[in-house]
Structures are given as C-alpha cells and as structure tokens.
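Dear colleague,

Please find below the structure that I am handing over to you, together with its sequence. My findings follow it, arranged by site.

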Amino acid sequence: MIWNENKECMSRDEMSALQGKRLHKIVNYVYHNVPFYRRKLQEMDITPNGIQTIEDISQLPFTTKQDLRDNYPFNMQAAPAEEIVRIHASTGTTGNPTIVGYTRKDIEIWSECMTRCLTAYGVTRKDIFSVAYGYGLFTGGLGAHYGVENLGASVVPTSTGNTEKHVRLIRDLGITGIACTPSYALYLAETMDKMGINRDQIKLRIGAFGAEPWTENMRNEIENRLGLKAFNLYGLSEIMGPCVSYECEMQNGSHINEDHFYPEIIDPNTMEKLPNGQLGELVFTTLTKEGMPLLRYRTKDLSSLLDGECECGRTNVRMGRIMGRSDDMLIIRGINIFPSQVESVILSMKEFAPRYLLVVDRVNNLDTLLVQVELRQEYFTNDFDRLAPLEAIQKKLADKLKSVLSISAKIQLKAPGTIERSQGKSQFVVDKRKLN
Ligand code: ADP
Ligand code: ZN
C-alpha cells in the first residue's frame, strides 16, 4: 500500500519541477523572515529571484548546527510566535540541544509524512500500535504518535519506562506494531525473557526503528526475538523529526519524503556535492516548513543516495543506512573507526549479545581501545575450570577486530545484563581523551 501516490510516485521531471517551485518560495520566505539568512544571501549576492529551479540550490549557503546554536533559541524561526503551536528540542547527543518551533501546517505535514512511512511498513487501520519512543521534547514520541493517529490505527502511547508493564500490554492488548529505538527493542526482548513470555504469546508484526544507528545484524536479532519485521525510520528534529525517510517492503534503502525535504550528499571536507552512490554527509533543505525552515542543513550523518528504481513503485529517491555521524567517527592512533564497524564484528559471532561499549583512552601518549562486550547466557560461566573456552572466544574477537579495524583492541568480556541499558538513545562510546 502507498499512502499518497500523488507525491510518492511522481515522475522525476514532475518532482524536480515541484521542488524548484518550492525552493524558490522558501528562499523568498527566509529572505524576508530570518535576518540570519537575509544577511548570508546578501553577502553572497543572491536574491530570491535568482533561485528558480532545484539545480539552483548549489548556489545557496549551508546551515550548520553551530548556526542554530548561535541563534538560540528563536532567531532561526521564520514564523511569528503566534503561528507556532509546538516547540521541540533535539536530544543533544552531541552538545547543546537545538530548539525547533512548528506551525500547525508543519505538524500536518509531519503527520502526513509519518503516515507515509507507516503505510510503507504495512501498518493499517486495524493495527494496534505502541509508540515507545520517549514522549516529550524529543521528537520521536509525538512525531510517531501523530502519524499513527492520522493513519487511523490505534495508538498506545507507552513512551519509555516501565518496561514490564509495556510487555504485559503488548501481550494483553494484542499490540501488532511498535516504534522505538533498536536498542529499546532488544531491551523489551530481554524483559520478555525475564518474565517468561515468548514471541509466540505476542502478536507484534511490524517494528519502526530509528533515532540511532543500527546494523543488518541487529535487524536479524530483533526480528528473531520479537517475531516481527523490522523497518528503518530516519529523521532529525532540525528538519522535522521521524518521517524524513523510511524503508518500504523491499528494504533496499529508505525513501526520502523529497517533496518536503530535499537531500544532497556532500564531501564534508570540500563541501562539494557527491554523485549518487558515494558516501558523504547528508544535507537537507526543508521545502515547505514554516516554523524553522533550513537551507542546506548539514546533518553530520553519513550516508549515500541510491540510484535506480525501487520495485515497490515509489519513485522518491532512497538513501542508504546511516553509517555513523561524521562526529562520532573515532580517530584512534590515526585510524578512522566507526562504532558500527565494531558492532558488525561483534554481532557476527554467536557468542555475543548486541551490547557493547567502546572505551577510548590515551595512556603514555598512545591511544587505547577497550571493547567491553556481553556474552550470551549460553556462553557465560563463572566456573574457573571452564574458562578456556572464554579465552578462545576473546581471542577470536580480538583477531577479527584487528583485521577489520587494523588496530588492536583490548577485549573485556562481561556477564549477561551488565552493560547499562538505555531506554532512549544508547551510548556506545566513552572517549576519555575528551574528558581530560
Ligand atoms: P540529536 O542530534 O541531538 O541526537 P535528534 O534527536 O534530532 O537529535 O536525533 C537525530 C539524529 O539521530 C540523526 O541526525 C541521526 O544521527 C540519528 N538517527 C535518527 N534516525 C536514525 C536511523 N534510522 N539510523 C541511524 N541514525 C538515526
Ligand atoms: Zn521502495
């Protein structure tokens, strides 16, 4: 099923024409309503009339998270206060949160885009859908909530916390769909195990997971344990919230709601636009937003745009998985390392649960990497006579990591359940070099 064929299945020419028209309008709008943009555009000798087609976007300036911080809290806002009906803040995973105001129309578009995602996952009005993203300043909870309501399915606003109660609701109400972070999905599975409830006693069939990076291995793990099909959901508060892109049933990249959010991939160093297929920094321009429209916002998320048509019938361009953020790339002894690389190795070994923490430090001027990882219950032992197999497991992981990362890491095996669980976004890295 496709929620809005008119907008999800346009020909490329129609889409480009629509994007060009909207781009012209939004540039005109920010020029007259956001002093920050007016100044920037004037400095660059750009007038709104000079921007007529979507290709003209390459003339426009970029916007960074720092710009949003410099204009904290409301100076990036284009709509007058009386038009703003909701205010969210980003999680602040990488620093001070940024503030985002939405007009009524923004909320409508957000709900519409979120409903497109849910429909692509196969959610229908008959579903009972639990939203287990945090409700509050974070856009995940309310964003998903409005999408489910707009679709007409029943929404259960479980939010995070009280996981045992949540598990009981999933079982007793026959909840069929869930939205949460992938790490919370695993936490739910662990809680079910503890409560002695297995996947045959619940009816979950669809999961919408996002807000943090996850891998194919993690997808398999969640699908096996909860007995559902897991879909990717991507978004960020600065641009809207969850709904910016979504997987369809083909699960071959995520379609972008590009009639509202225009994507580009750039080389983060040269800021040159990269061709489809190449990995770089995702940049979005909001084409219709009224509250806080942004031109060429640098997300710091690393991904690529995919060429070719999707068999689902949607023509909206797809993006690949987020490979990490340019700012969570670790440079250890001069080598670039992403936490997701370590995760893939860990999950390729059956002995480990998908729970790990990377601790980076500097000892005698040398960077060190410690990988703490949880053993699965079947492989765990406290018995000193049976430690040999554990040593072998430890060595196997160290060797695999060495070949993937090209640096050696120290491994610390942990007992099941001992790495701290998060209900929202998980922390995978502690960089002590930054703390000193
Ligand atoms: P913060 O940047 O403070 O975490 P948000 O709460 O707005 O603010 O989170 C948006 C970010 O979350 C994105 O920029 C991206 O890094 C991450 N994210 C969201 N969805 C996904 C996803 N499906 N896969 C990977 N990362 C995601
Ligand atoms: Zn598709």
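A donor here is an N, O or S atom within 2.8 Å of the metal. The model is a predicted one, and that cut-off applies to its zinc ion (ligand 2), whose donor residues are spaced C-x6-H-x54-C-x1-C in sequence.

**The zinc site**

The four protein donors of the zinc ion (ligand 2) are the SG atoms of Cys248, Cys310 and Cys312 and the NE2 atom of His255, at 2.1 to 2.3 Å from the ion. The angles among these four donor atoms run from 105 to 113°, and the site is tetrahedral. Two of the cysteines may be described further. Cys310 has a relative accessible area of 10% and Cys312 one of 12%, so both count as buried, the limit being under 20%.

Gln251 is found in the loop between strand S8 (241–247) and strand S9 (254–256). Its phi is positive, near 50°, although Gln251 is not a glycine. Ser406 also has a positive phi without being a glycine, with a value near 60°; its loop joins helix H11 (388–405) to strand S20 (410–414).

**The second largest pocket**

The volume of the second largest pocket is about 420 Å³. Its lining comprises 27 residues, and those closest to the centre are Arg12, Glu258, Asn276, Thr315 and Val317. At least two lining residues come from each of helix H2 (12–33), strand S10 (261–266) and strand S13 (305–306). The largest contribution is that of S10, with four residues. Sorted by class, the lining of this pocket holds 11 nonpolar, eight polar and eight charged residues.

**The cavity and the cis peptide bond**

One cavity of 30 Å³ or more was found in a search of the whole structure. The largest cavity encloses about 50 Å³ of space. Its lining consists of Leu68, Asn71, Tyr72, Pro73, Met76, Thr98, Ile99 and Met292. Six of these lining residues are nonpolar and two are polar, while none is charged.

Two residues of that lining, Tyr72 and Pro73, are joined by a cis peptide bond with omega near -10°. Pro73 belongs to the loop between helix H4 (65–70) and strand S1 (84–89).

**Helices H5 and H6**

Helix H5 (residues 104–121) contains 18 residues and spans 26 Å from its first C-alpha to its last, close to the 26 Å expected at 1.5 Å a residue. Of its 18 residues, 15 are buried, and H5 is thus mostly covered. Gly122 follows H5 and has a positive phi near 100°.

Helix H6 (residues 139–151) contains 13 residues; its reach from first C-alpha to last is 18 Å, close to the expected 18 Å at 1.5 Å a residue. Which residues of H6 are buried? They are Thr139, Gly140, Gly141, Gly143, Ala144, His145, Gly147, Val148 and Leu151. Just after H6 comes Gly152, with a positive phi of about 105°.

Tyr135 sits in the loop between strand S3 (128–131) and H6. Is Tyr135 buried or partly exposed? Its relative accessibility is 27%, so Tyr135 counts as partly exposed. Between Tyr135 and Thr215 there are 25 Å in space, C-alpha to C-alpha, and the two are 80 residues apart in sequence.

With kind regards

Definitions and conventions. Residues numbered from 1 in each chain as written. Chains lettered and ligands numbered in written order. Predicted model: local features only at pLDDT ≥ 70, side-chain atom pairs only at ≥ 80, totals over all residues. Heavy atoms only, no water. 1 Å grid on protein atoms, 1.4 Å probe; cavity = no way out; pocket = protein on both sides within 12 Å on 5 of 7 lines; lining within 4 Å. Points joined across faces, edges and corners; volume = space filled by probe spheres on them. Nonpolar A, V, L, I, M, F, W, Y, C, P; charged D, E, K, R; others polar. Donors = N, O, S within 2.8 Å, 3.2 Å for Na, K, Ca; no water. Tetrahedral: all angles 85-135°; square planar, octahedral: opposite > 155°, others 65-115°. Buried < 20%, exposed > 50% of the residue type's maximum accessible area, 1.4 Å probe, protein only. Expected span 1.5 Å × (residues − 1).
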